[in-house]
Amino acid sequence: MPFREVVGHVRLIKLLSRAAAGGTLPPSLVFAGPSGIGKRLTAVALAQALNCNQSSVTSHQSSVGSRQSAVGLLIDDSGLTTDDRRLTTDSCGRCAACKRIARGVHSDVLIVEPGDSGAIKIDQVRVIVDRAAYKPFEGRRPVVIFDEADALVPAAQHALLKTLEEPPPSSVFILVTARPDVLLATVRSRCPQLRFRPLAANDIASALVARGHSESEARAVAATADGSLGRALQASAGELVEARGVAQRVLEHASASQDPARRLEGARELLAKTGAAGDSEREQLSSHLRAMASLLRDVEVLATCADDRTLANPDVRPALEGLTETYRGERGVRAFGAVDRALVALERNAGVKLVADWLVLQL
């Protein structure tokens, strides 16, 4: 899709558009940020902007100058506003080149993904490095996108180092990852990093409405999507509403008793199966915790008399008001922090039951 159709990330997209138009795009970049927020879509949009038959961009630049320019651009983007979507350059999204890139069949735009083993191996990298050494066949700028670049095994990353240090003329390498810290330090040092932030709930809700959801359903899904449009698109509204019901009941249970034994009863409900049949216990608990974080945020909105139009869960306002007495102020902040730490622990493969038990004792 063209830049203009990517949801959110206005500053980064304007930065990339300006760099592509001015010939200051670095030859290698890391797109870092949580999963499902549009990093790969932005990388493909950049490849389209560089190779669109209808756009005009600089076809060559020096690697050293580009890295220095990228630093300056990252500083300059502080003045951009999220309401200004004017772009220096963008693809048409309709020409033959744009359509071929979108379908993944353009000869000069290569997307490398983990294989069946879940890893990107050295043989895959060697093939890509060899192909990138040739002049463009049908486009202006060869683009190589490593999706889930953290899946690159160390040997594959080492094989890529020389190419990142001395890239072929006009080629662009983009490493898309939710875990940039897994990349070797020598790889990170050769690639300016663009940090993609979680999307705002309003952006996700608007995208869902544009795809046919009702406004109330879109807001309910966006509230528990944790800034990820990908997660929101995969989710069932009914499942998310049910997850929110579980989170609400656990908060009410914890607020009604200080007895640890009774509180641990609430942990069992957190682990109750409410989602899709394929969801693991870990995915299920994560869904309940994201719903809980959304409720606690809304409680604080009500407790501080903030603009209630910012509520993510306005349809359960009476329940939120009931929780406000218990979770306003310091206790609410502690509870929100505990939920956040529990989500991090789940990502690091902590035991699901251990996390649920610990959390209910902190609420």
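This is a dialogue about how to read several features of a predicted model.

Visitor: Before turning to single residues, what does the secondary structure of the protein come to, and how much of the protein is buried?

Guide: The secondary structure comes to 16 helices and 5 strands, and buried residues make up 48% of the 363 residues in this predicted model. The protein exposes about 17100 Å², of which carbon and sulfur atoms supply 51%.

Visitor: What share of the contacts with a separation of 6 or more is accounted for by residues 24 or more positions apart?

Guide: Among the contacts in the protein with a separation of 6 or more, 76% are accounted for by residues 24 or more positions apart.

Visitor: How far should helix H15 span, and how far apart are its end C-alpha atoms?

Guide: The general idea is to multiply a rise per residue by one less than the number of residues. For H15, which runs over residues 330-347, a rise of 1.5 Å for each of its 18 residues leads to an expected span of 26 Å, and the end C-alpha atoms are 26 Å apart, which agrees.

Visitor: Which residues of H15 are buried, and where do they fall when seen down the axis?

Guide: The buried residues of H15 are Arg-331, Gly-332, Ala-335, Ala-338, Val-339, Ala-342, Leu-343 and Leu-346. Seen down the helix axis, these buried residues fall within an arc of 140 degrees, so they line one face of H15. The face turned away from that buried side carries Glu-330, Val-333 and Glu-347, which are exposed. After the helix comes Asn-349, whose phi is positive, near 70 degrees.

Visitor: Is Arg-244, which lies in helix H11, buried or exposed?

Guide: The cut-off needed here is that buried means under 20% relative accessible area. Arg-244 has 6% relative accessibility and therefore counts as buried. It lies in H11, residues 237-256, and, leaving aside neighbours within four places in sequence, Arg-244 is in contact with Ala-220, Ala-291, Leu-295, Asn-313, Asp-315 and Val-316.

Visitor: And Phe-137, is that residue buried or exposed, and where does it lie?

Guide: For the opposite label, the cut-off is a relative accessible area over 50%. Phe-137 has a value of 71%, so it is exposed, and its place is the loop between helix H5 (122-132) and strand S3 (143-147).

Visitor: Which residues is Phe-137 in contact with, leaving aside its neighbours within four places in sequence?

Guide: With those neighbours left aside, Phe-137 is in contact with Ser-107 and Asp-108. The C-alpha atoms of Phe-137 and His-106 are separated by 9.4 Å, although the two residues are 31 residues apart along the chain.

How values were computed:
Residues numbered from 1 in each chain as written. Predicted model: local features only at pLDDT ≥ 70, side-chain atom pairs only at ≥ 80, totals over all residues. Heavy atoms only, no water. Helix = DSSP H or I, 4+ residues; strand = E, 2+ residues; numbered from the N terminus. Buried < 20%, exposed > 50% of the residue type's maximum accessible area, 1.4 Å probe, protein only. Arc of directions from axis to C-beta. Contact = heavy atoms within 4.5 Å. Areas by Shrake-Rupley, 256 points an atom, 1.4 Å probe, with all protein chains shown as cover.
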